[in-house]
Amino acid sequence: MARVRQRAEETASTPIQSRWARLRERLSLPGLESWSTNVRTVLLNVFFLVIVVVLVPLLIGQFRRDQVIIEPIAVPEALAARGMTAEVVASRIWDGLSDVRRAAKTSKESISALPDSRRVEFSFPDSGLSIESLVFHVRRLFNAYETRIAGEFICETADCAPEGLRLRLRVVRDAVDLVDLPPIGASSDRDYFAEGASGILAILDPFVAISAASEEQPLSATILARRMIRSHHKDAKWAHNLIGLIRADEGDAKAATEEFRAALGLDPAFIPARVNLGNALLKAGDLTAARTEYSEVRRLDPKNVFASEGFAEIALAEGKTDEAVAIYLQAADDSPVDPRYPTKAGRILLNVGKTDEGVALLTRALELDPGYLPAFAELAAMHLAKGDNAAAERIYRNAADYAPEDADAQASHGRILAVVDDFTGAEQRYARAVRLAPEDAAYRLEYGRVLQRLSRHDEAMTQLREAQRLAPENADVWMSMGDSYRDTGRNADAVAAYRKYLELAKPDDFMRPVAERFIELLSG
């Protein structure tokens, strides 16, 4: 029995000793080193797996993105000395691209451009490796080069005078396209760089370039859009839509409708063309067909405010003013920062005699945008009709303060200040309007008249002469010049100015008898 018990004890102690042996082996230096090596291997594998999971999609996204890089534009030393450095010119081209996109007034996405100096590079510390360099080499591997804009200013004179200063740009892709601009001459910097940006977009996104010029050059825009359509350009549907808008502006509803239908033939889900088709049908008086188009837009985009606007106009055409107001208010909720919809609802309420409700909605619109012309013009006109000039002046002042770079807002406030006989305040507003729009003859004329009321005739004549230079056939300018000559005792010059006014003025102009009387008095 003793031997059996001893064997049992030996058998029981063997596993325990084995486990202790294995534990001592793991806690020994060779064991710990092997364990730490395995842990490091696992952690490194996990790390590289995370890098692959994160980096590969990022590289693919960067590779697929067609961002346009504007490189520093080479400039002569004389130009750089005036502050127009290579980086500044690149930024001005960037601004020009933004100006052209705004002028295009299109919802179509355009190119994404960025000056090289504004790029942010992400690199791995102490490695010299960056995501941009990886993307660059991947693009080179597949011959998919990033679009870059380069170029230089060329001076024909040592002092780089504007008359001989011109810009040459290169759009570098798989090939190189040149954009040669004429000398700057009398063009403003902003207009000149916008012209250069138009040349760039004519290569990279021709539809946006065409759309930006369509208001001033509708015939040229139509021809170029037709060429896009004939060449089966990927933006052909946008070209049809643009031609349709041009035809609608010309009053040719039938041609406009055909163009919008052609755009939808290329893409039945093209919402801008369907909205415009609905608008054309509504204008033509086909309410049923217009409702059908707006319903399809609503099906494609349940929150589309342009469809809501169409439904509201249909309700208004059917005499359902309450329904139209309700739809506009829903559109205002769907587009909470757009002052257009509370303004339209407010104007409907004013027209049906609900003045307090209408004023409340117009005020709501002005809280969103104090410079929104349809709202503040309606409210100001109402206050002026009631003789409440002070209330009207506050509305115009808010608009001018909200948009200090808007020449029309400044001049409009100056005009109402003159109405309330605050000529000092009016002079300040007109002075700013003239600085913002120095080529506007109307602002010069009104500024000169305000200066006359302040008895500052020399300054008034300076503005009036500029107005006469800008608009030599404007009879009112000559009438105002005659007034300043008369008030400063220059009777002969006054008579000559009044005679010039009579020569240019319409036969039924109400100031003709006044000018004739002044000529009679001053000639005697």
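Visitor: In which helix is Val 88 found?
Guide: This is a predicted model, in which local features need pLDDT of at least 70 and side-chain atom pairs count only at pLDDT 80 or more, while totals for chains, interfaces and linings use all residues. Residues are numbered from 1 along each chain as its sequence is written, and side-chain values use heavy atoms, with hydrogens and water left out. Helices (DSSP runs of H or I, at least four residues) and strands (runs of E, at least two) are numbered from the N terminus. In that numbering, the helix that holds Val 88 is H4.

Visitor: As what does Val 88 count at 27% relative accessibility?
Guide: Buried means under 20% relative accessible area and exposed over 50%, with partly exposed in between, using a 1.4 Å probe and protein chains only. Val 88 has 27% relative accessibility, so this residue counts as partly exposed.

Visitor: What separates the C-alpha atoms of Val 88 and Ile 73?
Guide: Along the chain, Val 88 and Ile 73 are 15 residues apart. Between their C-alpha atoms the separation is 8.5 Å.

Visitor: Which strands stand at the edges of the sheet?
Guide: Two strands pair if DSSP finds at least two bridges between them. The sheet is open, has five strands with mixed pairing, and follows the order S2-S1-S5-S6-S7. A strand at the edge has a single partner, so one side is left without a neighbour in the sheet; this applies to S2 (112-115) and S7 (176-180).

Visitor: By how many degrees are neighbouring strands of this sheet turned against each other on average?
Guide: Axes are lines fitted to C-alpha atoms, for helices over the stretch in contact, and angles run from 0 to 180 degrees between N-to-C directions. For neighbouring strands of this sheet the direction is ignored, and the average is 25 degrees.

Visitor: What is the bridge partner of Ile 70 in S5?
Guide: Strand S1 (residues 67-70) runs parallel to strand S5 (residues 148-155), and two bridges join them. In one of these, Ile 69 has Arg 148 as its partner. For Ile 70, the partner in S5 is Ile 149.

Visitor: Which strands does helix H6 touch?
Guide: Contact means heavy atoms within 4.5 Å. Helix H4 (residues 86-104) packs on the sheet and touches S1, S2, S5 and S6 (165-172), its direction making about 160 degrees with that of S2. Helix H6 (residues 189-204) also packs on the sheet, at about 25 degrees to the direction of S6. The strands that H6 touches are S1, S5, S6 and S7.

Visitor: Over how many bridges do S5 and S6 pair?
Guide: One of the bridges links Cys 155 to Leu 165 in S6. S5 and S6 pair in the antiparallel sense, and the number of bridges is eight.

Visitor: In what crossing does H11 pass H12?
Guide: Helix H11 (residues 271-283) packs on helix H12 (residues 287-300) at about 160 degrees, with the axes 8 Å apart. That makes H11 roughly antiparallel to H12 (over 145 degrees; under 35 is roughly parallel, 65 to 115 roughly perpendicular and the rest oblique). A crossing is left-handed if the near helix is turned anticlockwise from the far one by less than a right angle, and right-handed if clockwise. For H11 and H12 the crossing is left-handed.

Visitor: With which residues is Ser 480 in contact, leaving aside its neighbours within four places in sequence?
Guide: Ser 480 lies in helix H23 (residues 475-487). With a relative accessible area of 3%, Ser 480 is buried. Outside its sequence neighbours, the contacts of Ser 480 are Leu 445, Arg 449, Gln 452 and Leu 464.
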